[in-house]
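Please look through the structure shown here with attention to how its chains meet and how individual side chains are placed. The paragraphs that follow go from the interface to single residues.

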Amino acid sequence: MSDDALKTGATAIRKGYVRPLDIKHGRVDMAHGSGGRAMAQLIEELFARYLDNEYLAQGDDGALLPAPGAGRLVMATDSHVVSPLFFPGGDIGCLSVHGTINDVAMMGATPLWLSAAFILEEGFKLADLARIVRSMAEAAKAAGVPVVTGDTKVVERGKGDGVFITTTGVGLVPPGRELSGRQARPGDAILVSGTLGDHGMAIMAERESLGFESPIVSDTAALHGLIAAMRDSGADIHVLRDPTRGGLATTLNEIAKQSGVGMMLQEKALPINPAVAAACEFLGLDPLYVANEGKLVAICAERDAGKLLAAMRAHPLGAAAAIVGRVHEDGHHFVQMTTGFGGKRIVDWLSGEQLPRIC
Amino acid sequence: MKYIDEFRDGEVASGLAAAIRREARPERRYHFMEFCGGHTHAISRYGVSDLLPDNVRMIHGPGCPVCVLPIGRVDQAIRLALEEGVLLCTYGDCLRVPASDGLSLMKAKAKGGDIRMVYSTADAVALAEKNPDKQVVFFAIGFETTTPPTAVAIKQAAALGLKNFSVLCCHVLTPSAISSILESPEVRQWGTVPLDGFVGPAHVSTIIGSRPYEFFAEEYRKPVVIAGFEPLDVMQAIRMLIRQVNEGRAEVENEFSRAVDRDGNKKAQNLVAEVFELRKHFEWRGLNVLPYSALRIRSQFAEFDAEKRFPLDYRPVPDHQACECGAILRGVKRPQDCKLFGSVCTPENPIGSCMVSSEGACAAHYTYGRYKDV
């Protein structure tokens, strides 16, 4: 063996011994969750590489974070089990970042940090995992909210569904800001930031290979920028909520119950993408119950409704915002709607899962 | 949504409502039954009742295929999935129908049954092709509208030579149910509402045409107006029924002429006749056993008949004693007249058939209209 070979031997052995992850052809195996070298490698070459930031780089079991200044901390957590993992407009990666950022932001907080826990199924393609992690990284970077700590577990083939991701977010609410589902008051205006049901219908169309003529794209997005713009308008906002699973109808029923009020919506005012409306019509579903991942509901003092609407419409994520109804006194906490047809109906809690009608 | 929004135009509706108010004579009452769950849903969802004068009452009939599916049939499907290990597939809204032992297809799925939702019978055949090592059973329910696609699936499976596909056939017939409402032993038991006419089902008539309803118009002197499922269709049908009543006519009229004619779809009818034949008896949930009211698979297609392929005896299961579905399906009682409504029986925990599907009379009233009761 030559001297040169000896000199480079250590590196050569190391490189040969720890082969880089074969992202293109590799699959998740049980060793990736064992806590050993393979897991360390997965974290180093995939998660840490793409989600890189100074806190994650510390490599400890938790992230050591600077204590925020005055105000209160908000913590929210959300698990993501979406199928399919990739859909028009997004994937489980960016969704897991947006969903938790939005939960934190709806409390009136500035989102600061995220954690991410992955449950991976043995046999899952590393290429798909890398695509998901890259998407998370891009979403976190664009939102300015880093993933600072995480966890990885691997379950046997057949015991998972590819990838489950749980993200937890921490944010800071400045002193004096009070937002809660308990704050809706009779007379308040109800606003939505845009078209309803886009995410749920995009997922359903993709899952069932429905192949609609106009492709429906998920609205997944982080909304804290929009909320900042809304706050800057000076409007007296009482409630913010993202109408995710269960859609607008479920969200408003939750708020009506929490605040002890009733609500009256105007069907004609509800913004709905025509392609989504047509798809819902086709399947016998109601877009008011279909999930959104990049929309919010705002309830504000009536006098500020116009001002708030203008601020929302001036932001790209609120361009199709609309005032859709009013809060009123009602001991039964009914959410009702004046239909476009001129009648009245309840917009009830969703009962179980929305299922397509038979005929 | 071209072709749809124009049938939901609020201004046209208020014009039509004014016309109905003008034509409905104040000295009399009008009771019309919308037979089909699709109409019940449209009336509730768009608040059509709010636009009608007080002396025009709509009565919800038994035309929801999920509502009239008896517990014993769902039990059979569950037994196929859990005991026979078949891959059972069916339409979405069958999954929640309560069965015996606190089960439903959805709960049986959670217990380990391979139960899948399909959007069409073609999906069911495709499942059989993709799973050659499993027996695939399509749990086929519905009125005349959903029957032709089931016939197509059976013929397709025959053409493909599939040995692992069969159908648990629970298709039922509309005219039998209407007959039962107008005359059956229960009419003597519960009495009957003075029905002045029927809003006839739209989709069913695209297949069978309007001719089968002529019998009811002539024999029972009940006007029938076939109507589409859009709210303006329903209102127009109500106006046409009021006119017939006022003029003392009892005819079959067709509001849904954009899709229905007198003879219906002959090709579909022939296909159904080729694959299916009448059953002598079939139990309907809430309406008991009705003679010649359902279809079974003809013997020449026996290999695709799940009832012949698997050991499936039929065990009828009675509804809850306090359940008023039988009277509600016939229009004798309203959902809110039932002691169980909204307390024990809710969409989350349906006890009776009318609460099962979103198109059932009780579910529609609970979901869209119960604010009127408080």
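In this predicted model, chain A and chain B bury about 3,100 Å² between them, and carbon and sulfur atoms give 61% of that area. The size of an interface is often given as the accessible area lost when the parts come together. Counted by residues, the interface brings 31 residues of chain A into contact with 45 residues of chain B.

Specific interactions also cross this interface, where the rule finds two salt bridges and six residue pairs in polar contact, with both residues of each pair at pLDDT 80 or more. The elements that give two or more residues to the side of chain A that touches chain B are α8 (274–283) and β13 (344–346) of chain A, and α8(A) gives the most, with five residues. By residue type, that side of chain A divides into 15 nonpolar, eight polar and eight charged residues. A salt bridge that can be inspected directly is the one between B:R370 and A:D348, in which the closest N and O atoms are 2.8 Å apart.

Chain A itself contains nine helices and 13 strands, and its C-alpha atoms fill a box of roughly 90 × 55 × 30 Å when taken along the principal axes. Of the 359 residues in chain A, 53% are buried. If one considers the contacts in chain A between residues at least 6 apart in sequence, 85% of them join residues at least 24 apart.

In chain B, helix α11 (residues 231–247) offers a check on geometry as well as on burial. How far should the 17 residues of this helix span at 1.5 Å a residue? The expected span is 24 Å, and the end C-alpha atoms of α11(B) are 25 Å apart, which agrees. Because 14 of its 17 residues are buried, α11(B) is largely enclosed by the rest of the structure. Just after this helix, B:G248 takes a positive phi of about 70 degrees. A network of salt bridges links B:E247, B:R249, B:E251 and B:E253, and B:E247 is the residue with which α11(B), residues 231–247, ends.

Another helix of chain B, α2 (residues 37–45), holds B:H39. Is this histidine, B:H39, buried or exposed? With a relative accessibility of 0%, B:H39 counts as buried, and its side chain reaches the backbone oxygen of B:A227 at 2.9 Å. A polar atom of the same B:H39 side chain lies 3.1 Å from the backbone oxygen of B:G228. When residues up to four places away in sequence are not counted, B:H39 touches B:E34, B:V199, B:G200, B:P201, B:A202, B:A227, B:G228, B:F229 and B:V234, a list that includes both residues whose backbone oxygens are approached by the side chain.

Over all chains, the count of salt bridges comes to 36 by this rule, and several in chain B can be followed one at a time. The side chains of B:D114 and B:K134 meet in a salt bridge with an N to O distance of 3.1 Å. Since B:D114 lies in strand β4 (residues 114–117) of chain B and B:K134 in the loop between α5 (121–130) and β5 (136–142), the pair ties together parts that are 20 residues apart in sequence. B:D114 is buried, with a relative accessible area of 19%, which falls under the 20% limit for that class, whereas B:K134, at 25% relative accessibility, counts as partly exposed.

A second pair, B:K163 and B:E303, forms a salt bridge at 3.6 Å, N to O. This pair links distant parts of the chain, 140 residues apart, with B:K163 in the loop between α6 (147–160) and β6 (165–171) of chain B and B:E303 in the loop between β13 (295–297) and α13 (306–309) of chain B. At 59% relative accessibility B:K163 counts as exposed, while B:E303, at 39%, counts as partly exposed.

There is also a salt bridge between B:K308 and B:D305, whose closest N and O atoms are 3.8 Å apart. In this pair the acidic partner, B:D305, counts as buried, at 4% relative accessibility.

How values were computed: Residues numbered from 1 in each chain as written. Chains lettered and ligands numbered in written order. Heavy atoms only, no water. Helix = DSSP H or I, 4+ residues; strand = E, 2+ residues; numbered from the N terminus. Expected span 1.5 Å × (residues − 1). Buried < 20%, exposed > 50% of the residue type's maximum accessible area, 1.4 Å probe, protein only. Contact = heavy atoms within 4.5 Å. Buried area = accessible area lost by both parts, 1.4 Å probe. Salt bridge = Lys/Arg side-chain N within 4 Å of Asp/Glu carboxyl O. Polar contact = N/O pair within 3.5 Å; in protein donor to acceptor, adjacent residues only side chain to side chain. Nonpolar A, V, L, I, M, F, W, Y, C, P; charged D, E, K, R; others polar.
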